[in-house]
Amino acid sequence: MKNDTNDFSRIAARHDAINLRLEQWAQWVSVRPQAWKVQPMFRQYRSHAWQWHMPEIKAQINTIEASETERAVSTLPEQHRTVIRWLYVWPWVPVNAVRRSLGLTRAELAAVADKGRDMVIDRLRQSLTATSK
């Protein structure tokens, strides 16, 4: 029987709002690959194939919220910061690689992820109360 605390795709109901905010933050933070292997003559080329397809509507990211979230995540203790960045920004990194680098078991890693989300919520609350004064 598999233990649910080791499933990193499961998020507690109390973390639904912060999970959405962290996902938007991850889209804002993640680095996009650049097309540098293109001949200079074709760098600015744009295909006209777009005119035959329905336009894609992309969700806008609130950059102010994303930068506040980045500030909150960057102030976390190193272990929690690493786990949060791994979960949202670098999800392709294997679980065992993260566990080995931090020296944690799967259950401990899940607990650090849970605690990290709580800490981000607290940090964002503190920044809101500090700015409202």
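Contact here means heavy atoms within 4.5 Å. In this predicted model, residues 24 or more positions apart account for 75% of the contacts in the protein with a separation of 6 or more. The protein has five helices and zero strands, and its pattern, read along the sequence, is α-α-α-α-α. Of its 133 residues, 27% count as buried, while the accessible surface comes to about 10,200 Å², with 56% of that area belonging to carbon and sulfur atoms.

**Packing of helices 1, 2 and 3**

- Two packed helices are described by the angle between their axes and the distance between the axes.
- For helix 1 (16–29) and helix 2 (63–74), the axes are 9 Å apart and the packing angle is about 95°. An angle of 65 to 115 degrees counts as roughly perpendicular, and helix 1 and helix 2 are therefore roughly perpendicular to each other.
- On the helix 1 side of this pairing stand Arg21, Leu22, Gln24, Trp25, Trp28 and Val29, which meet Thr63, Glu65, Ala66, Ser67, Glu68, Thr69, Glu70 and Val73 in helix 2.
- Helix 1 also packs with helix 3 (residues 78–88), the two axes coming within 9 Å and crossing at roughly 75°, which makes helix 1 roughly perpendicular to helix 3. Asn19, Leu22, Glu23, Trp25 and Ala26 of helix 1 make this contact with Ile84, Arg85 and Tyr88 of helix 3.
- Leu22 and Trp25 of helix 1 appear in the contact with helix 2 and also in the contact with helix 3.
- Helix 2 and helix 3 have axes that come within 9 Å and cross at roughly 140°, and these two helices are therefore oblique to each other. Their contact is made by Glu70, Val73 and Ser74 of helix 2 together with Arg81, Ile84 and Arg85 of helix 3.
- Glu70 and Val73 of helix 2 take part in the contact with helix 1 as well as in the contact with helix 3, and on helix 3 Ile84 and Arg85 belong to the contact with helix 1 and to the contact with helix 2.

**Asn19 in helix 1**

- Asn19 is found in helix 1 and is buried, its relative accessible area being 12%.
- Leaving aside neighbours within four places in sequence, Asn19 is in contact with Ile11 and Tyr88; Tyr88 is also among the residues of helix 3 that make the contact with helix 1.

**Salt bridges**

- Side chains of opposite charge can pair when their charged atoms come close. A search of the whole structure finds five salt bridges.
- The side chains of Arg14 and Asp114 meet in one of them, at 2.9 Å from N to O. Because Arg14 lies in the segment before helix 1 and Asp114 in helix 5, the pair ties together parts that are 100 residues apart in sequence.
- Asp114 counts as partly exposed, at 26% relative accessibility, and a network of salt bridges links Arg14, Asp114 and Asp118.
- Glu70 forms a salt bridge with Arg85, with the closest N and O atoms 3.0 Å apart. This pair links distant parts of the chain, Glu70 being in helix 2 and Arg85 in helix 3, 15 residues apart.
- The partners in that bridge fall into separate accessibility classes, since Glu70 counts as partly exposed at 22% relative accessibility, whereas Arg85 counts as buried at 15%; the cut-off for buried is under 20%.
- Asp122 and Arg125 also meet through their side chains in a salt bridge, at 3.6 Å from N to O. Both residues lie in helix 5, three residues apart, about one turn of the helix.
- Asp122 is partly exposed, with a relative accessible area of 38%, whereas Arg125 counts as exposed at 53%.

**Loops and surface**

- Met41, Phe42 and Tyr45 make a nonpolar surface patch of about 420 Å².
- Phe42, one of these patch residues, is found in the loop between helix 1 and helix 2 and is partly exposed, with a relative accessible area of 45%.
- Gly103 has its place in the loop between helix 4 (95–102) and helix 5 (106–132) and is exposed, with a relative accessible area of 59%.
- Gly103 and Gln79 are 24 residues apart in sequence, and their C-alpha atoms are 10.0 Å apart in space.

Note on methods: Residues numbered from 1 in each chain as written. Predicted model: local features only at pLDDT ≥ 70, side-chain atom pairs only at ≥ 80, totals over all residues. Heavy atoms only, no water. Patch = residues over 30% accessible without salt bridge, like charges linked within 9 Å, V, L, I, M, F, W, Y side chains within 5 Å. Areas by Shrake-Rupley, 256 points an atom, 1.4 Å probe, with all protein chains shown as cover. Salt bridge = Lys/Arg side-chain N within 4 Å of Asp/Glu carboxyl O. Helix = DSSP H or I, 4+ residues; strand = E, 2+ residues; numbered from the N terminus. Buried < 20%, exposed > 50% of the residue type's maximum accessible area, 1.4 Å probe, protein only. Axes fitted to C-alpha atoms, helices over the stretch in contact; angles between N-to-C directions. Parallel < 35°, antiparallel > 145°, perpendicular 65-115°, else oblique.
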